[in-house]
Amino acid sequence: MPAHRSKSEKNEDENQLRRDPYEVLGVSRSSTDQEIKSAYRKLALKYHPDKNANDPKAADMFKEITYSYNILSDPDKRQQYDSAGFEAVEAENQDLELDLSSLGAMNTMFAAIFSKLGVPIKTIVSATLLEEAINGTVPTLPLTLGKSVSRKVEKQCAHFYSVRVTEKEAQAGIVCRVQSADKSKFKLLYFDQDENGGLNLALQEDSAKKGKVTAAGMYFFGFPVYRLDQQSNTMVKRDPDAAFFKKLEGFEPCEISELKAGVHTFAVYGDNFFKSANYTIEVLCAGSFVDEKENLRVIEAQISSKRTEISKFETEYKQVLAQFTEMTNKYTEEMQAIDDLLKQRNEIHASYTITPQTKRSSSSTSKSKKRVALKDDKKASIKDGSKKKWYNIQVKLDKRKPT
């Protein structure tokens, strides 16, 4: 009969069977975030279920690629894996990353429900759409700088826009912003053009709620502009302190800081689960926004330095918090000790008497019994009406009739 194996032993075997995420994606440990993203996109496109419908090996490979990318794309998880391997990475805690176009109606419905409940679900751009972009078969509409366009894009579909930028405009800086007044979910995409005319996804920004709209933007000013990697609010409920110290870790500098003169391609991707997305897109030259550009440069630099400060402060905070917890526990212990001593002191004081405790207690008990008896007698007399009240006066009435 085979010996029973513990759960930890099974997990250890599973970890040994897993391939190194760097090996799976074909990148080195010193690879940049952009290199890891590029490698993932190429492999995900190659092994995507849409292109390999009846190939179980391709499906397993796609899962392995996605799992590896989930580790290496997250700075914390990547650092944990580099230091302690798979054991430091909790697979259960990893965010789901789904291509909604490859899900059936039922699975899409469940994904939408989980999203409403606050379960973090990351969606990715349809592999079919990316393949069409690489092949250069997507229709593209021209978009003039300084002009806005409002449209409606179907779910898991995209509208592509080509923007021509001059040398002067590129030096001044370019901004692309998209917003949805009805708070639709969408992705703002930026594509590089290869020598064969195909389009490769280079940047992606998910929409986020900002006031009464959902919005996303890309800023190409020649200096690092940070973008926020949206995180789950569950951390705030679970550990507000951790949420505070992790808040700025979600800010990562955009991989592309400036655009060169020429034609550039942006796209708006409908990211809703069931319905289309209404949006307005505009691409601007920052030449007339000199003050705003300088203010943003200052703020971005402050965010960068603040991340370093918060990292140091976290260490100090945890040390002080540990001391505070220790002092609080000490306070509780000392308060209890004082109460115990005072109680013992009072008991000793009370023992200085020549009156036996038993007699005193019996006397007090008899008195209390007498009080109860008197009360019972009063109640009984009122109930049977035997006791006369002061106002119960006998009045004689003349029963004779008046003459």
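In the predicted model, Thr265 is a residue of strand β13. Thr265 has a relative accessible area of 7% and is therefore counted as buried, the limit being under 20%. When neighbours within four places in sequence are set aside, the contacts of Thr265 are Phe160, Tyr161, Leu189, Tyr190, Phe191 and Leu199. One of these residues, Leu199, lies 66 residues away along the chain from Thr265, yet their C-alpha atoms are separated by 8.2 Å.

Contacts of this kind can be set against the chain as a whole. The protein chain has 403 residues, of which 31% count as buried. Its secondary structure consists of twelve helices and 14 strands. Among contacts with a separation of 6 or more, 72% are between residues 24 or more positions apart. The exposed area of the chain is about 27400 Å², and 54% of this area is supplied by carbon and sulfur atoms.

Strand β13, which holds Thr265, is paired with β7. The two strands run antiparallel and are joined by six bridges. Within this pairing, Lys187 has Tyr269 of β13 as its bridge partner. Strand β7 also pairs with β8, again in the antiparallel sense, here over seven bridges. Phe191 stands opposite Leu201 of β8. The hairpin formed by β7 and β8 has five residues between the strands, and in this hairpin Gly197 adopts a positive phi near 90°. Of the eight residues of β7, six are buried, which leaves the strand mostly covered.

In soluble globular proteins, nonpolar side chains tend to be buried together. The largest nonpolar core of the model contains 27 residues. Tyr190, Phe220, Phe266, Ile281 and Val283 are the residues with the most contacts inside this core. Two or more core residues are given by each of β5 (158-165), β6 (174-180), β7 (186-193), β8 (199-206), β10 (213-220), β13 (262-270) and β14 (277-285). Strand β14 provides the largest share, with four residues. A further core lies apart from this one; it has 19 residues, including Leu25, Ile65, Tyr81 and Ile124.

Tyr190 shows how residues from several parts of the chain come into contact. With neighbours within four places in sequence left aside, Tyr190 is in contact with Asn200, Leu201, Ala202, Leu203, Met218, Ile256, Leu259, His264, Thr265 and Phe266. Thr265 thus appears again, as a contact of Tyr190.

Strand β14 also takes part in an open sheet of five strands. The order of the strands is β4-β14-β6-β10-β9, and their pairing is antiparallel. Strands β4 (148-153) and β9 (208-210) are at the edges; each has a single partner strand, so one side of each lacks a neighbour in the sheet. From one strand to the next, the twist averages 35°. Inside this sheet, six bridges connect β6 and β14 in the antiparallel sense. One of the bridge partners in β14 is Glu282, which is matched with Arg177.

Two helices illustrate how buried residues can be arranged around a helix axis. In helix α7 (residues 127-134), the buried residues are Ala127, Leu129, Leu130 and Ala133. Viewed down the axis of α7, these residues fall within an arc of 160°, so they line one face of the helix. The buried residues of α7 pack against α3, β5, β7, β8 and β13. Helix α7 therefore meets β13, the strand that contains Thr265, as well as both strands of the β7 and β8 hairpin.

In helix α5 (residues 75-84), Lys77, Arg78 and Tyr81 are buried. Seen down the axis of α5, the buried residues lie within an arc of 100°, so they too line one face of their helix. Gln79 and Ser83, on the other side of α5, are exposed. The elements that the buried residues of α5 pack against are α2 (21-25), α3 (33-47) and α4 (56-72). Tyr81 of this helix is one of the residues of the core of 19 residues. After α5 comes Gly85, which has a positive phi near 75°.

Definitions and conventions. Residues numbered from 1 in each chain as written. Predicted model: local features only at pLDDT ≥ 70, side-chain atom pairs only at ≥ 80, totals over all residues. Heavy atoms only, no water. Core = buried A, V, L, I, M, F, W, Y, C linked by side-chain atoms within 4.5 Å. Buried < 20%, exposed > 50% of the residue type's maximum accessible area, 1.4 Å probe, protein only. Contact = heavy atoms within 4.5 Å. Areas by Shrake-Rupley, 256 points an atom, 1.4 Å probe, with all protein chains shown as cover. Pairing = 2+ DSSP bridges. Axes fitted to C-alpha atoms, helices over the stretch in contact; angles between N-to-C directions. Arc of directions from axis to C-beta.
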